[in-house]
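Dear colleague,

I am handing over the structure below for your review. My findings follow it, arranged by topic.

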Amino acid sequence: MGKTDAAAAENNSQTQLQEQYLKAMDQLEEGQLVDGHVIQVDSEFVFIDIGYKSEGKIPLAEFKVATVIGDIVSVVLVKREGKNGEIVVSKKKADAKVMWKELRDAFQDHKTVKGKVAKSIKGGFEVDLGIEVRAFIPISKMDLHRIEEPEEYVGLESEFYIERLYNDKKVNIVLSRRELLEETLSAAKKDFFAKTSINDEVTGTVKSFTSFGAFIDLGGFDGLLHINDMSWGHVNRPKDYVKKGQEIKLKVIRLEAEDEKINLSLKHFTQDPWSTFEDRYQVEDVVKGKVTKLTDFGAFIEIEEGIEGLAHISELSWVKRIKHPKEIMNIGDEVEAMILGYDIHEGRISLGMKQTLPNPWNEMEAKYPVGMKMTREIKKVTNAGAFVELEEGIDGFLHVDDLSWTKKIKNPSSMLKEGEEIEVIITNVDTEAHRIRLGVKQLSNDPWAELLKLHPKGSIIEGEISNITDFGLFVKVPGEIEGLIHKNNLSEDREADADELLGKYKVGEKISASVIELQPGKQKLSLSVKEMKIREQKKEISKYIHEDDGGDSTFTLADMLKDKES
């Protein structure tokens, strides 16, 4: 081949290559996404070969991850021919195209996308999804719980669900993290209940406290460590046993998958002390313990960790009137008590503190014999009488019936005043019931007994009318005793009108009558004018009969009355 032919062939080859290049260029459109190979990397640019006569170059800053020669990189063809005839490509625009495709797919297929919380704004947060794509997440969609400090979430990298991409044909991306957390939590709970059994050991973190215990984070969901499960003993404050943020091992003691309830325990790592109680304690043992709680009805005393008993308020002192245990003890005090009884099944012990001391009531009969007189202070007045303090903690009771032999006292406070001193006499001592009875009227002789001695049944007594009622006369006789003359006992004349006779008497008038009934025990005195007159008449008849004993006599009561009339 000559020089002319060789030159012609070369020109033809160049023409074919140019035509192929132009044809390939015609197949691509500007803005199209294509793949290229990294053929060179320097300090400023990465050079990409996409199969054209010239390579494209991309600023190194567009690569978030370092690239090397041979890597395949997706780019967008910006211009097929730049100022200097080279192609112009962009990795940044390619990444944006890929990003939006991923966002559309994630939205349609309900899949998550990655993002980083850029800043806290009104009502929520702005999230950077990359490639200058920003989204909004409402504060209520950020977490499972109420957010108190939004700034704590700034910088958080997480997965999100896309709830909205466009609004009114404009890009308006709204995200949700709460839904993802709920799904994760639900899956974690389901797995926990499937793999965990009662008495299993689990590890959790103390999350928060309540008055009844502490909530333990078991990995996004909580279990409850109740205050009663922290120790076999008495627990006043959960914070004395666990600290917030503390990682702790616990035993599972309750699982309810349907209600998602999990109860945990610290105390079940050790043996229940009640299981060996009878090996260490018996009834009437005197034990030492610490006061853990005071109530209106008694004091709770812990005799060892997990073993707590109640000393009822009635078992605190033999003699003191205790209204509340705090009068004699405080929480934390070390005390001695006697075991009075127990119920292992119920976990209860009955304790007594007074039983560790001598019982002063054993000496009361000797110290306060019946008949002993004394003057003491009235401590309290009731409807039934009054309590009189004999010594500190020992009271005697003065019943209203023991105030007077003769007066019927309805209201003791009319005669007795708290704080005043009164003379009393011991009338009864009951050491078993811890009662001492007192009397005031017993300081003097019983006027009823005296009246009975002086005026037996049938005798005549004089008194003064103290009250007139529709059924008779009340007559006050010696000894300040009142007796009753019923209106039917005012006259021996059966024909007489009793009410008319009753009207003839006046209060204060002296009157004599016969005793027809006298019962000191019942304080009852019944009198009769009729009986007195009949007795007088019989006596008169007897007198006449006695005078005429010398001969026959037909003298009658009628004759005697006629003689009197004449």
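To begin with a single position: is Glu-346 buried, partly exposed or exposed? The model is a predicted one, and in it Glu-346 counts as partly exposed because its relative accessibility is 44%. Glu-346 is found in the loop that links strand 19 (334-343) and strand 20 (348-352). A span across the model can be given from this residue: its C-alpha atom is separated by 74 Å from that of Asp-499, and the two residues are 153 apart along the chain.

The barrel

The strands on either side of that loop belong to a closed barrel. Five strands make up this barrel, in the order 16-17-18-20-19, and their pairing is mixed. From one strand to the next, the twist averages 50°. Within the barrel, strand 18 and strand 20 run parallel and are joined by two bridges. Ala-311 has Leu-351, in strand 20, as its bridge partner.

A salt bridge involves loops next to these strands. The side chains of Lys-354 and Glu-315 meet with an N to O distance of 3.9 Å. Lys-354 is in the loop between strand 20 and helix 5 (364-367), while Glu-315 is in the loop between strand 18 (307-312) and strand 19, so this pair ties together parts that are 39 residues apart in sequence. Are the two partners buried or exposed? Both Lys-354 and Glu-315 are buried.

Strands 6, 9 and 10

Strand 9 (residues 157-167) pairs with strand 6 (residues 112-121) in the antiparallel sense, over five bridges. In this pairing, Val-113 stands opposite Phe-160 of strand 9. Strand 9 also runs antiparallel to strand 10 (residues 170-176), and five bridges join these two strands. Asn-167 has Lys-170, in strand 10, as its bridge partner. Strand 9 and strand 10 form a hairpin in which two residues lie between the strands. One residue in the turn, Asp-168, has a positive phi of about 55°.

Further salt bridges

How many salt bridges are counted in the model? The count comes to 26. Among them is the pair Lys-510 and Glu-464, whose side chains meet at 3.8 Å, N to O. Lys-510 belongs to strand 29 and Glu-464 to strand 26 (residues 460-469), so the pair ties together parts that are 46 residues apart in sequence. Lys-510 counts as exposed because its relative accessibility is 55%, whereas Glu-464, with a relative accessible area of 36%, is partly exposed. Elsewhere, salt bridges with shared partners join Glu-126, Asp-128 and Arg-134 into one network.

Another salt bridge links Asp-240 and Arg-237, with the closest N and O atoms 3.0 Å apart. Asp-240 has a relative accessibility of 46% and therefore counts as partly exposed. Arg-237 is partly exposed as well, with a relative accessible area of 46%.

Loop residues

Two loop residues have a positive phi although neither is a glycine. For Glu-284, phi is near 80°. Glu-284 sits in the loop between helix 4 (277-280) and strand 16 (286-295), and it counts as exposed because its relative accessibility is 59%. For Gln-523, phi is about 50°. Gln-523 sits in the loop between strand 29 (510-519) and strand 30 (524-528). With a relative accessibility of 21%, Gln-523 counts as partly exposed.

A further loop position is Ser-491, placed between strand 28 (481-486) and helix 7 (498-502). Why does Ser-491 count as buried? Its relative accessibility is 16%, and the cut-off for a buried residue is under 20%. The side chain of Ser-491 reaches the backbone nitrogen of Asp-493 at 3.1 Å. Leaving aside residues up to four places away in sequence, Ser-491 touches Ala-496, Leu-501 and Lys-530.

When you open the model, I would suggest starting with the closed barrel of five strands and then turning to the hairpin of strand 9 and strand 10.

With kind regards

Definitions and conventions. Residues numbered from 1 in each chain as written. Predicted model: local features only at pLDDT ≥ 70, side-chain atom pairs only at ≥ 80, totals over all residues. Heavy atoms only, no water. Helix = DSSP H or I, 4+ residues; strand = E, 2+ residues; numbered from the N terminus. Buried < 20%, exposed > 50% of the residue type's maximum accessible area, 1.4 Å probe, protein only. Polar contact = N/O pair within 3.5 Å; in protein donor to acceptor, adjacent residues only side chain to side chain. Contact = heavy atoms within 4.5 Å. Salt bridge = Lys/Arg side-chain N within 4 Å of Asp/Glu carboxyl O. Pairing = 2+ DSSP bridges. Axes fitted to C-alpha atoms, helices over the stretch in contact; angles between N-to-C directions.
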